[in-house]
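Grab a pencil and have a look at the structure below. Try each exercise yourself before you read its solution.

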Amino acid sequence: MEELLQQLFNGLSLGSIYALIAVGYTMIYGIVKLINFAHGDVMMVGAYVALAGTIMGLGFIPSLVIAMIACAFLGVLIELVAYRRVRPVSRLAALTSAIGMSLFLEYTMMYFVGAEIRTFPPGVLTERTYNWAGIIITNKDLLVLGTTVVLVVFLQFIIYRTRTGKAMRAVSYDGQAAQLMGINVNNTISITFFIGSALAAAAGMLIGMYYNSINPLMGMMPGLKAFIAAVLGGIGSVPGAMLGGILLGMTESLVAGFGGSMYRDAVAFIILILVLLVRPTGLLGKDTQEKV
Amino acid sequence: MKKNLPIVFVCVLLFALFAVVQVGLSSGFISSYWETNIYLIGINIILAASLNLINGITGEFSLGHAGFMAVGAFAGGVITLNLGLPFLLAIVVGMLAAALAGLLVGLPTLRLRGDYLAIATLGFGEIVRVVMMNIDYVGGAAGLMGIPAVVNWPIIFISVVFTILLIRNFICSSHGRSCLALRENDTAAQMMGINITYYKVMAFVIGAALAGLAGVLYAHYYTIIQPKEFNFLLTFDILVMVMVGGLGSLTGSVVGAVLITVASAFLQSIPELRMVIYAALLIASAVFRPQGLLGAKEVSMNLLRKWGGVLNGSDGSKQAQ
């Protein structure tokens, strides 16, 4: 029982990182209907910027903020360069462009910093462990959970309490109608990329600390899994992405904890296919009727 | 009415291509480095054309091609290496195994649309990879080693011609036209009495079987196959060939496969910048030519005449198709 709870808790902190990436994915997908394959790599860039910050002696929060701001602008730039012209023409071409952008970020980073695995300097976080009713909790877990909760609450505030958020919801509901109402669709899309990429950068720093390893290809798998989490929860829905991320993280921890670590990566996909077969729109997705 | 190239002309052209490469190989004029790349081009043409059948002709969006290729490669490898049976049987079994995998994956997932199908098939590819890594009979993570190297130029050539002919004839058949109809508008196609699930699965299974063929060839050329080679980056590579050539154009897939394989062969000499340039080219081609080099056109008499007309300064024929 304690073992189970321990694994569930480990899954909760891993899942909250997935959730953070998935939220960005789902926002971007919801608004431009494009799988932004470069999202995981924006996360990787975020981890490196944060690493640079901590090496220069900055603390956790300043590094996090710098990484988020840098990646937010990177996200806007990616949309401007690789997606803006292609999006209206062909979705598949946009997807090719996204794949190209993902490879470009990975290998440009590898060219400049090398392929070796790096770690955050030890001063950033002195590890402490707490024992709470038999479950071992590290301050790393608490930091990850805390950061995620703060960021998601802030995101919910932006989406549901500001004019920008209203515009984002409108564009994602119906881009053309939103444009007719005087919303600047392109700006709104840029803002979505700005916010989504900032969240990815935060996730990058957290996942770099969680696994204590940073390398240029670290964004690939978590990026893919975060997309699965987003689809699982119902793409386009922010609470759905949270739920999907945490479910996925917990399942993975359980599978890994009970001896199936070889199958850890496959389990994510099996869950995805099963959920899609039963509920094609995901757990919290809205069912859309096709009009003829 | 689309006019095809005269059959005699095509046969002569194909035979000439075959003979030139054959002579080049046997006289040692083509170095072993380029020999590998020529074989790779052949395998890539099969992969790109079969993915185009699913993604371009039928309009589904599959990202599981590396998975089907892996199924074919490992099934074929087991036949020749573990059981010691002839290569021809390996091709048949590899294709059947991949087709079966296509059927098993296709039946449930083809109810999904667009990006959901993409991510489900991508998941299938990853599952295949992980499962292969955990089956000791096919070597686990180390894969199969010492598969007999029986693939030569005639086998590659015949396989490529077989693939192209099969897909081309499929497109021109009534089944193929049904697939084209459901690409254009599946609701309308369904109302015209086309069983859309049947045709989606059919195209999917044929595409998977051909990917399996490519897998068998790959396994019997390189003699070593590891599950980790068949990851989603391989699928992306194939997708890029299809996209660069032109989605829905068979000739485009051939052009795309040749271009991408040759480009990556040339970029081998600068390994550290290779992927950066490759990625930049990819973005540029998507941004500046989103419909691919050939769009959805095929090389036919009319298109050649049009190009001839452009060269001569006149307008040529009005329409390519």
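**Exercise 1: How is chain A packed?**

Work out whether the radius of gyration of chain A agrees with that of a compact globule.

Solution. Start with the length: this is a predicted model, and chain A has 292 residues. A compact globule with that many residues would have a radius of gyration near 19 Å. Chain A has 19 Å, so the two agree. Next, take the box: along the principal axes, the C-alpha atoms of chain A fill roughly 55 × 45 × 35 Å. Then check burial, where a residue counts as buried if 20 or more other C-beta atoms lie within 10 Å of its own. By that cut-off, 51% of the 292 residues in chain A are buried.

**Exercise 2: What is chain A built from?**

Count the helices and strands of chain A and put them in order.

Solution. Chain A holds 11 helices and two strands. Walking from the N terminus, you read α-α-α-α-β-β-α-α-α-α-α-α-α. Now look at contacts in chain A with a separation of 6 or more: 75% of them join residues 24 or more positions apart.

**Exercise 3: How do the chains meet?**

Find which helix of chain B gives the largest share of the side that touches chain A.

Solution. First, count both sides: chain B brings 33 residues to the contact and chain A brings 34 residues. Second, list the helices of chain B that each supply at least two residues to its side: H4 (87-109), H5 (114-133), H10 (232-245) and H12 (271-288). Third, pick the winner: H12(B) has the largest share, with 11 residues. Finally, sort chain B's side by type, and you get 25 nonpolar, five polar and three charged residues.

Technical notes: Residues numbered from 1 in each chain as written. Chains lettered and ligands numbered in written order. Predicted model: local features only at pLDDT ≥ 70, side-chain atom pairs only at ≥ 80, totals over all residues. Contact = placed C-beta atoms within 7 Å. Helix = DSSP H or I, 4+ residues; strand = E, 2+ residues; numbered from the N terminus. Nonpolar A, V, L, I, M, F, W, Y, C, P; charged D, E, K, R; others polar. Rg over C-alpha atoms; globule rule 2.2 N^0.38 Å. Buried ≥ 20, exposed ≤ 12 C-beta atoms within 10 Å, placed from the backbone.
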